[in-house]
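This briefing introduces a structure to a reader who has not met it before. Please examine the sequence and the model first, and then read the points below.

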Amino acid sequence: MTNEKKTKIVKTIKVDADKCNGCRACEMVCSAFHAEPKYSSNNPARSRIRVIREPLRDIYIPVYAGEYAPAECMGRDKYVIDGKEYEECAFCRASCPSRDAFKEPDSGLPLKCDMCEGEDEPLCVKWCLVDALVYEEREEEVEEEEKPEDLDIGLEALANKYGLQKIMDTVNRMAMSEKGMENQS
Ligand code: SF4
Ligand code: SF4
């Protein structure tokens, strides 16, 4: 794989957790934007941002869905904030086999923030009325590696869950059935 230098726009969402009031508008709009068809439903379990809440202590931490991890990592992290200890991995961004976070609830496929591809500004930022989320762009010279596409990531997750042979059998069966339908028409 060749790495070459390219100028690219680095997109950042700065999270000011002190301003977050736990309203969950970001979760609602994210899940609605990614619904099929768009805006046909909203379900925070399908959101690419989750707000870890501790309402009694007025602590709310928005966490964005990051990369898919096919295996659990070797270590665990644990946070204590204002004297409250959070569950292991509570603020991890990965969609990984050790927990249900950042997985599409029906299929189990990994969810990842795509910065609301196609929109001028991330919708969670737009709908965060207290400015806990601030969008920034900057240009940077980076070594560009070929990144796996969503389809590759989804197929890898399915193969890990059901086994490659089962996926191939299913695809073959679907192809045969489609061919059969074409021949009939
Ligand atoms: S919309 Fe803003 S204030 Fe509301 S939960 Fe999300 S980050 Fe927090
Ligand atoms: S930037 Fe878009 S995709 Fe990412 S969490 Fe916010 S609303 Fe969801």
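Arginine 57 lies in the loop that runs between strands E2 and E3. In this predicted model, arginine 57 counts as exposed because it has 11 C-beta neighbours inside 10 Å, and a residue with 12 or fewer is classed as exposed. Apart from neighbours within four places in sequence, arginine 57 is in contact with Asp82 and Lys84. Aspartate 82 is 25 residues away from arginine 57 along the chain, yet the C-alpha atoms of the two are separated by 8.0 Å.

**The chain as a whole**

- The chain contains four helices and six strands.
- Read from the N terminus, these elements follow the order β-α-β-β-β-β-α-β-α-α.
- Along the principal axes, the C-alpha atoms fill a box of roughly 65 × 40 × 40 Å.
- Of the 185 residues in the chain, 18% are buried.
- Among contacts with a separation of 6 or more, 62% join residues that are 24 or more positions apart.

**Two domains**

- The domain assignment divides the chain into domain 1, residues 4-145, and domain 2, residues 148-185.
- The centres of the two domains, taken over C-alpha atoms, are separated by 29 Å.
- Contact between the domains involves five residues of domain 1 and six residues of domain 2.
- On the side of domain 1 that touches domain 2, four residues are nonpolar, one is polar and none is charged.

**The largest nonpolar core**

- The largest nonpolar core consists of 19 residues, and Cys26, Cys30, Ile49 and Cys124 have the most contacts inside it.
- Helix H1, strand E2 (49-54) and helix H2 (123-127) each contribute at least two residues to this core.
- H1 provides the largest share of the core, with four residues.
- Cysteine 124, leaving aside neighbours within four places in sequence, is in contact with Cys26, Val29, Cys30, Ile49 and Leu133.
- As general background, nonpolar side chains in soluble globular proteins tend to be buried together.

**Surroundings of ligand 1**

- Ligand 1 has 15 residues around it, of which Cys20, Cys23, Ala25, Cys26 and Cys128 come nearest.
- Helix H1 (25-33) and strand E3 (59-64) each supply at least two residues of this shell.
- By class, the shell around ligand 1 comprises 12 nonpolar residues, two polar residues and one charged residue.

**Surroundings of ligand 2**

- Ligand 2 is surrounded by 13 residues, and the closest are Cys30, Cys113, Cys116, Pro122 and Cys124.
- H1 and H2 are the elements that give two or more residues to this shell.
- With three residues, H1 gives the most to the shell around ligand 2.
- The shell around ligand 2 has 11 nonpolar residues and two charged residues, with no polar residue.
- Cys30 and Cys124 are among the closest residues to ligand 2, and both are also listed among the residues with the most contacts inside the largest nonpolar core.

**Helix H3**

- Helix H3 covers residues 150-162, and at 1.5 Å a residue its 13 residues should span 18 Å.
- The end C-alpha atoms of H3 are 18 Å apart, so the span in the model agrees with the expected one.
- Glycine 163 follows H3, and its phi is positive, near 95°.

Definitions and conventions
Residues are numbered from 1 along each chain as its sequence is written. Chains are lettered from A and ligands numbered from 1 in the order in which they are written. This is a predicted model: local features need pLDDT of at least 70, side-chain atom pairs count only at pLDDT 80 or more; totals for chains, interfaces and linings use all residues. A residue is near a molecule or strand if its C-beta atom, placed from the backbone, lies within 6 Å of it. Ala, Val, Leu, Ile, Met, Phe, Trp, Tyr, Cys and Pro count as nonpolar, Asp, Glu, Lys and Arg as charged, and the others, Gly among them, as polar. A nonpolar core is a set of buried Ala, Val, Leu, Ile, Met, Phe, Trp, Tyr and Cys residues joined through C-beta atoms within 7 Å. A residue is buried if 20 or more other C-beta atoms lie within 10 Å of its own, exposed if 12 or fewer, and partly exposed in between; C-beta atoms are placed from the backbone. Two residues are in contact if their C-beta atoms, placed from the backbone, lie within 7 Å. Domain bounds come from an automatic or database domain assignment. The expected span of a helix is 1.5 Å times one less than its number of residues.
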